[in-house]
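Reader: I work at the bench and would like a close look at the disulfides in this protein. Could you walk me through that part and then what surrounds it?

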Amino acid sequence: MIASLSIAPLADGLPDVLPDDAAATPQERAAEARWEKFAAQNARSGDLRLQLLFGRNTIALEQLVERARGSTDPLVLSTLAERCDAPQSTAKRSAPANSETTGVGCDGVELARRWVAVDTENQLAWLTLATLLDRRGALSEARATFTRAALASSYRTLYGEGARTILRIVPRDLKPIERLAFTYGIVRMQSVETLLTFQPLFRTCKLPEMRDACMHIADTMFRDSETLLELVMATTLSARLDVERETVRHRMERSYAIRWLLTQGVFSDEPSIDDVAAIDRFVSEVGKRASLGELVWLREVLRQRGVSESEAAARYEKALTSEQRPHFEPMMKPWNAKAP
């Protein structure tokens with residue numbers, strides 16, 4: 001799905017729940033086995049959303065598209081649209097027919113059109129359709145679709161909805177080690193989702209005639225963004241469009257505040273399987289990030305620490321090294337600015 005979500009940062013370098021060696025305890029093996037059984041059962045479920053979430057390795061992408069022929073579920077349509085049109089490596093293109101590859105009937109643009117039809121006020125749906133059209137070289141239609149995206153009243157990320165869907169059906173009778181196994185299982189699943197590229201949007205927004213539409217897109221994305229990635233994109237787009245300095249500063253402040261918080265060890269360490277309290281904290285944190293959204297949760301943590309956004313942003317900016325600053329400055333330079 002698009003954008004990034006709640007539990008995504010935990011996925012980087014995250015180990016498997018259990019090591020694939022003799023060191024795993026019987027309790028660990030049993031916990032992993034219960035997750036695998038749970039995943040397999042849901043892959044065979046009659047619920048298309050669960051098939052989509054759990055059946056990546058067992059159900060061909062084309063089969064999922066066929067089953068979704070009459071679906072009006074934005075999560076299903078958005079996920080399939082991006083999977084069908086995801087750029088593919090040579091290895092994937094030559095992979096066996098039962099793997100997740102683009103094929104007949106797996107048309108991302110057609111799926112994205114169905115998504116905007118049922119989720120018309122979601123700017124993200126229009127941005128996805130425009131991006132896929134741009135990827136195919138349909139630049140005029142893509143530009144018109146980006147313009148239409150500016151009229152949408154909200155920006156709703158669906159990436160976190162996958163985690164929330166799973167959390168709603170997790171068994172209630174789990175032991176601590178099983179709760180940890182299920183949490184890692186959800187994190188692993190979310191980490192492989194396809195994310196939207198913002199390159200076509202930024203390229204289109206360089207056109208003078210697109211400035212007003214792109215300003216509306218940046219405003220809505222900033223207001224409703226669920227993830228740090230979206231927040232950074234909205235802030236950068238605002239700056240490149242040369243909007244009012246106070247607006248850009250306000251948006252940079254929030255972005256810097258979140259970045260500062262991430263340097264403060266905000267995420268719980270991987271808990272020991274013998275530390276029930278640590279497991280409870282870790283599992284609770286992942287659940288809150290999924291239910292609230294990454295940014296809402298992070299801003300709540302910032303509030304609990306008694307640090308204002310402006311103070312956190314100032315701390316982050318002050319800590320930037322001379323090597324880091326040149327990477328930020330070009331991003332915040334308006335496209336119409338004269339070269340130095």
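Author: Here is a walk through the disulfides, then the cores and one helix. Before we start, this is a predicted model, where local features need pLDDT of at least 70 and side-chain atom pairs count only at pLDDT 80 or more, while totals for chains, interfaces and linings use all residues. Residues are numbered from 1 along each chain as its sequence is written, and side-chain values use heavy atoms, with hydrogens and water left out.

Searching the whole structure turns up 2 disulfides, a disulfide being a pair of cysteine sulfur atoms within 2.5 Å. One of them links cysteine 84 to cysteine 106, with an S to S distance of 1.9 Å. The torsion about that S-S bond is about -95°, so the disulfide is left-handed. Cysteine 84 sits in helix H4 (residues 74-85) and cysteine 106 in the loop between helix H5 (90-93) and helix H6 (108-118), so the pair ties together parts 22 residues apart in sequence. Helices here are DSSP runs (H or I, at least four residues), numbered from the N terminus. Both cysteine 84 and cysteine 106 are buried, where buried means under 20% relative accessible area, exposed over 50% and partly exposed in between (1.4 Å probe, protein chains only).

The other bond pairs cysteine 205 with cysteine 214, sulfurs 1.9 Å apart. With -90° about the S-S bond, this link is left-handed, and cysteine 205 and cysteine 214 are both buried. Number the bonded cysteines in sequence order and the pairing reads 1-2, 3-4.

Now for the cores. A nonpolar core is a set of buried Ala, Val, Leu, Ile, Met, Phe, Trp, Tyr and Cys residues joined through side-chain atoms within 4.5 Å. The largest has 73 residues, and Leu80, Leu127, Phe198, Leu201 and Met221 touch the most other members. Helix H7 (residues 123-135) gives this core its largest share, 8 residues. Apart from it lies another core, of 15 residues, including Leu50, Leu53, Ala163 and Ile166. Leaving out residues up to four places away in sequence, phenylalanine 198 touches Tyr155, Met221, Leu229 and Met233, contact meaning heavy atoms within 4.5 Å.

Last, helix H10 (residues 176-191): its 16 residues reach 23 Å from first C-alpha to last, close to the 22 Å expected at 1.5 Å a residue, a span worked out as 1.5 Å times one less than the number of residues. H10 is mostly covered, with 12 of its 16 residues buried, among them Phe182, Tyr184 and Met189. Those buried residues pack against helix H1 (26-43), helix H2 (48-54), helix H9 (159-169) and helix H15 (276-292).

How values were computed: Helices (H or I, at least four residues) and strands (E, at least two) are DSSP runs, numbered from the N terminus.
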